[in-house]
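Here is a friendly walk through one model, meant to be read with the structure open beside you. Take a moment to turn it around before reading on.

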Amino acid sequence: MSKMLHLVNKSPFDRNALDSCLRLAEAGSSVLLIEDGVYAAMRKATSAEAISKRVGDLTFYVLGPDVSARGLDDTPLIDGIAVVDYGGFVDLVVEHEVAQSWL
Amino acid sequence: MEPWEEEEGPEVVKRFMYVNRRAPYGTIYALECLEVVLIAAAFDQDVSVVFVDDGVYQLKNNQDTGGIGMKNFSKTYRALDDYDVEKIYVERESLDQRGLTADDLIIPVEVVATDKLREIMAQQDVVISS
């Protein structure tokens, strides 16, 4: 069983939730971007570096329906981020010992 | 003349600017502001609509909200033209920061730099931000 699942639902340009999450997340844990948090998955945005330099020690996921809703299906995502659906969201919660929402 | 019969003075047209700074679905601000703009457009004022910061995400094309059970209101921005709202400004720096260009947007807009937008903003009579 993996350690912690971190949920980030805020845009990286609007709030510092993602920065705080990345600063405090232990290596080996997972980060799932949902709602406005999915904007952080865009490869060409200036916010991308924060995630791309942690792809090695954290596992990143992004919620597909939130990506599609925001018109980002045609936008390249950062390499190493896996897209999951709502079923995958549930699986991630079950597979981790603790889920933490960075509200 | 009765009190309710206002004397017809020269028509006063004020400059109204609506500043959008929020992404479309995480909060209700974007949809509410769009509705306010469409209502206000009926009053024959000088209306301009601005998209800065995460507000530029409101105009991203190819939005498909089928998977999240929310109304896709992005197509409603196309109605702005029908309401004669033609002054639509998007800040270039906000687009650049997010890796977007005017080609990624659902309607034609005027992409302006921060310096230009500051000038336009300074000329307004009323500015409403959301």
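The report below goes through the two chains, the sheet of chain A and the place where the chains meet.

## What kind of model this is

Please keep in mind that this is a predicted model. The values quoted here are computed from it.

## Chain A as a whole

Chain A contains four helices and five strands. If you trace the chain along its sequence, these elements come in the pattern β-α-β-α-β-α-β-α-β. Its radius of gyration is 12 Å, close to the 13 Å expected from the globule rule for 103 residues, so chain A is as compact as a globular protein of that length.

The C-alpha trace of chain A spans about 35 × 30 × 25 Å along its principal axes. Of its 103 residues, 46% count as buried. Taking the contacts in chain A between residues at least 6 apart in sequence, 69% join residues at least 24 apart.

## The sheet in chain A

How are the five strands of the open sheet in chain A ordered? The order is E4-E3-E2-E1-E5, and the pairing is parallel. As a general reminder, strands of a sheet pair through backbone hydrogen bonds, either parallel or antiparallel. In chain A, the edges are formed by strand E4 (81-84) and strand E5 (96-101), each of which pairs on one side only. Ignoring direction, neighbouring strands of this sheet are turned by 25 degrees against each other on average.

For a closer look, find strand E3 (residues 59-63) of chain A, which runs parallel to E4(A) and is joined to it by four bridges. Here A:Val62 has A:Val83 in E4(A) as its bridge partner. Helix H4 (residues 86-95) of chain A packs on the sheet. This helix touches strand E1 (2-8), strand E2 (30-33), E3, E4 and E5 of chain A, and its direction makes about 115 degrees with that of E5(A).

## Chain B

Chain B has four helices and five strands. Starting at the N terminus, its elements run β-α-β-α-β-α-β-α-β.

The C-alpha trace of chain B spans about 60 × 35 × 25 Å along its principal axes. Buried residues account for 33% of the 130 residues in chain B. Of the contacts in chain B with a separation of 6 or more, 71% are between residues 24 or more positions apart.

## Where the chains meet

How many residues of each chain take part in the contact between A and B? On one side there are 19 residues of chain A, and on the other 18 residues of chain B. The chain A side that touches chain B is made up of six nonpolar, five polar and eight charged residues.

Key
Residues are numbered from 1 along each chain as its sequence is written. Chains are lettered from A and ligands numbered from 1 in the order in which they are written. This is a predicted model: local features need pLDDT of at least 70, side-chain atom pairs count only at pLDDT 80 or more; totals for chains, interfaces and linings use all residues. Two residues are in contact if their C-beta atoms, placed from the backbone, lie within 7 Å. Ala, Val, Leu, Ile, Met, Phe, Trp, Tyr, Cys and Pro count as nonpolar, Asp, Glu, Lys and Arg as charged, and the others, Gly among them, as polar. Two strands pair if DSSP finds at least two bridges between them. Helices (H or I, at least four residues) and strands (E, at least two) are DSSP runs, numbered from the N terminus. Axes are lines fitted to C-alpha atoms, for helices over the stretch in contact, and angles run from 0 to 180 degrees between N-to-C directions. The radius of gyration is taken over C-alpha atoms; the globule rule is 2.2 Å times the number of residues to the power 0.38. A residue is buried if 20 or more other C-beta atoms lie within 10 Å of its own, exposed if 12 or fewer, and partly exposed in between; C-beta atoms are placed from the backbone.
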